[in-house]
Amino acid sequence: MKIATWNVNSLRVRLPQVLDWLASEQPDVLAVQETKVADDQFPVMELRAAGYEAVFTGEKAYNGVALITRLPMHGPVLKALPGTVDPQQRLVAAELGGVHVVNVYVPNGQAVGSDAYDYKLEWLERLHRYLADVLAAGRELIVLGDFNVAPEDQDVYDPLLWANTVLFSGPERAAFRRLLDLGLVDVLRAQNPHGIVYTWWDYRFNAFRRNRGLRIDHLLASPALAARCVSATVDTRPRAAERPSDHAPLLAEFAASR
DNA sequence: ATGGCGGCTGAGAGCCGA
């Protein structure tokens, strides 16, 4: 299975880039975040013409997530964390190729100590409970998306500058670590144990040209699946192209089981 | 490094992202 995640920062603006990328990389699944499009405006037909179906949950102007796939989908599609009513559309999950695939757009948090920050930490705790249940049921799991957390010093271009700020504060990193403590594997880091690998660069400051980035998009896999990961890379080409998203796509490939 | 970018809405400038 070839599976990717990409925060596109408006699917309607980025649709040409997304269609180009699907054509060149041919992933089985692409999880996108920040679609910023209401469901009745979602580009179903354009994706279908490219050979992909989509399940999505969106809203006007903010948030919104979609799973774009050429695999057959089985079973129910989840469009929010179970047992919660979230006015912000931040999660879509489906059974794809025998794997429970969970696409997340974790809240940004705005600033340490803000209401948005508390909402982010609560959201991550609810995600933890849900993923624990999935794993307890013995299901193969991939959770991928924009986590808005840089887990380690090497995931931040200037850790001292970012210390105690949102995306890199202790409580956020601890919440991410608790997801790994479930047994999930950060496959991009596992494939690049020591390398500098960023997924986001600020539009300002010439950040991309200077490679002042953060690694805040992630793909986590359950242990047996992670053992079959044959590659995990960040494709920086779309970030370098015309009218880019500020995030680059993260692409991983898994060998079939036996 | 104060904000510089870019998307959104609604028709201004302000909000939000990270």
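Leaving out neighbours within four places in sequence, Val32 is in contact with Trp6, Val8, Leu11, Val65, Ala66 and Ile68. Bear in mind that this is a predicted model.

Val32 also turns up in the largest nonpolar core, which has 70 residues. Along with Val32, the members that touch the most others are Leu67, Val101, Ile142, Val143 and Leu219. As background, nonpolar side chains in soluble globular proteins tend to be buried together.

Now for the sheet. It is open, has six strands in the order 5-6-7-8-12-9, and its pairing is mixed. Strand 5 (73-78) and strand 9 (185-186) sit at the edges with a single partner strand each, so one side of each has no neighbour in the sheet. In general, strands of a sheet pair through backbone hydrogen bonds, either parallel or antiparallel. Strand 7 takes part in both of the pairings below.

| Strand pair | Sense | Bridges | A bridge pair |
|---|---|---|---|
| Strand 6 (residues 91-96) and strand 7 (residues 99-105) | antiparallel | six bridges | Ala93 and Val102 |
| Strand 7 and strand 8 | parallel | six bridges | Val101 and Ile142 |

The second bridge pair ties back to the core: Val101 and Ile142 are both on the list of residues touching the most other core members. And why is strand 8 described as largely enclosed by the rest of the structure? Six of the six residues of strand 8 are buried, so the rest of the structure largely encloses it. Helix 3 (residues 115-136) lies across strand 7 and strand 8 (141-146), and it runs at about 155 degrees to strand 8.

Next stop, Leu167, which you'll find in the loop between helix 4 (159-162) and helix 5 (170-181). Is Leu167 buried or exposed? With 20 other C-beta atoms within 10 Å, Leu167 counts as buried, because the cut-off is 20 or more. Not counting residues up to four places away in sequence, Leu167 touches Asn148, Val149, Ala150, Glu172, Leu214 and Ile216. As for Met45, it is 122 residues from Leu167 in sequence, and the two are 36 Å apart in space, C-alpha to C-alpha.

Finally, the DNA. Which residues come nearest to DNA strand B? Out of the 22 residues around DNA strand B, they are Ser10, Ala61, Asn108, Tyr203 and Arg204. The surface near DNA strand B is a mix of nine nonpolar, six polar and seven charged residues.

How values were computed: Residues are numbered from 1 along each chain as its sequence is written. Chains are lettered from A and ligands numbered from 1 in the order in which they are written. This is a predicted model: local features need pLDDT of at least 70, side-chain atom pairs count only at pLDDT 80 or more; totals for chains, interfaces and linings use all residues. A residue is near a molecule or strand if its C-beta atom, placed from the backbone, lies within 6 Å of it. Ala, Val, Leu, Ile, Met, Phe, Trp, Tyr, Cys and Pro count as nonpolar, Asp, Glu, Lys and Arg as charged, and the others, Gly among them, as polar. Helices (H or I, at least four residues) and strands (E, at least two) are DSSP runs, numbered from the N terminus. A residue is buried if 20 or more other C-beta atoms lie within 10 Å of its own, exposed if 12 or fewer, and partly exposed in between; C-beta atoms are placed from the backbone. Two residues are in contact if their C-beta atoms, placed from the backbone, lie within 7 Å. Two strands pair if DSSP finds at least two bridges between them. Axes are lines fitted to C-alpha atoms, for helices over the stretch in contact, and angles run from 0 to 180 degrees between N-to-C directions. A nonpolar core is a set of buried Ala, Val, Leu, Ile, Met, Phe, Trp, Tyr and Cys residues joined through C-beta atoms within 7 Å.
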